[in-house]
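Thanks for making the time this morning; I would like to walk you through one chain. Please keep the sequence and the model open beside each other while I talk.

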Amino acid sequence: MKKNDFILVLVMVVLAGAFFIGREFVFSENNLVVQVKVEGQVYKTVSLREDIFLEIVNSKGKKNVLEIKDGKASITHADCPNQYCVHHKEISKAGESIICLPNQVVVSIKGDEEAELDAVS
Ligand SMILES: [Zn+2]
């Protein structure tokens, strides 16, 4: 086997593996994650299946509290002036998000495969 052939085979194996794993995630509704971005940067990515409280603090010391319970995410507390994020309904589906403009916090639900790259950082 020539070196180039070996690389080609390797690439095909990796692609096949990636396709298989990707398909698993796309068709599994349970693999949703909640991605929290603060001032445009990924702050934290957590599974929607975990029941947690997460305190989000931005660079100005402003706080939002995210609650995930029973597969639904909501902002339970925020020290922003308008409180739109607190009054926003719970989110539970991929593509939904809660945005707190004053504190520059974005909480969004994504499929696992979309958030995978962010989770590394
Ligand atoms: Zn807010």
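Cys 80 and Cys 85 are both buried, and in this predicted model the two cysteines belong to a metal site, where the zinc ion is coordinated through the SG atoms of Cys 80, Cys 85 and Cys 100 at 2.1 to 2.3 Å. If you would like to find the donor residues of the zinc ion in the sequence, look for the spacing C-x4-C-x14-C. I would be careful in reading the site as finished, because water is not among the atoms and sites may therefore look incomplete.

Let me step back to the chain as a whole. There are 3 helices and 7 strands, and if you follow the sequence from its start, the elements come in the pattern α-β-β-β-β-β-α-β-β-α. Of the 121 residues in the chain, 31% are buried, while the area that the chain exposes comes to about 8100 Å², with carbon and sulfur atoms supplying 58% of it. As for contacts, if we take those between residues at least 6 apart in sequence, 33% of them join residues at least 24 apart.

Now to the sheet, and in what order do its strands lie? The order is 2-1-7-6, in an open sheet of 4 strands with antiparallel pairing. At the edges, each pairing on one side only, are strand 2, residues 41–47, and strand 6, residues 97–100. On average, and with direction ignored, neighbouring strands of this sheet are turned by 20 degrees against each other. Strand 1, which covers residues 32–38, runs antiparallel to strand 2 and is joined to it by 6 bridges; for a point of reference within that pair, you can place Lys 37 opposite Val 42 in strand 2.

The last residue I want to show you is Gly 111, which lies in strand 7, residues 105–111. Is Gly 111 buried or exposed? Its relative accessibility is 10%, and since buried means under 20%, Gly 111 counts as buried. Leaving aside residues up to four places away in sequence, Gly 111 touches Asn 31, Leu 32, Val 33 and Ala 94. Ser 47 sits 64 residues from Gly 111 along the chain, and yet the C-alpha atoms of these two residues are separated by 9.9 Å.

Methods
Residues are numbered from 1 along each chain as its sequence is written. This is a predicted model: local features need pLDDT of at least 70, side-chain atom pairs count only at pLDDT 80 or more; totals for chains, interfaces and linings use all residues. Side-chain values use heavy atoms; hydrogens and water are left out. Helices (H or I, at least four residues) and strands (E, at least two) are DSSP runs, numbered from the N terminus. Buried means under 20% relative accessible area, exposed over 50%, partly exposed in between (1.4 Å probe, protein chains only). Contact means heavy atoms within 4.5 Å. Accessible areas come from the Shrake-Rupley method with a 1.4 Å probe; for residues, only the protein chains shown count as cover. Two strands pair if DSSP finds at least two bridges between them. Axes are lines fitted to C-alpha atoms, for helices over the stretch in contact, and angles run from 0 to 180 degrees between N-to-C directions. Donors are N, O and S atoms within 2.8 Å of the metal (3.2 Å for Na, K and Ca); water is not among the atoms, so sites may look incomplete.
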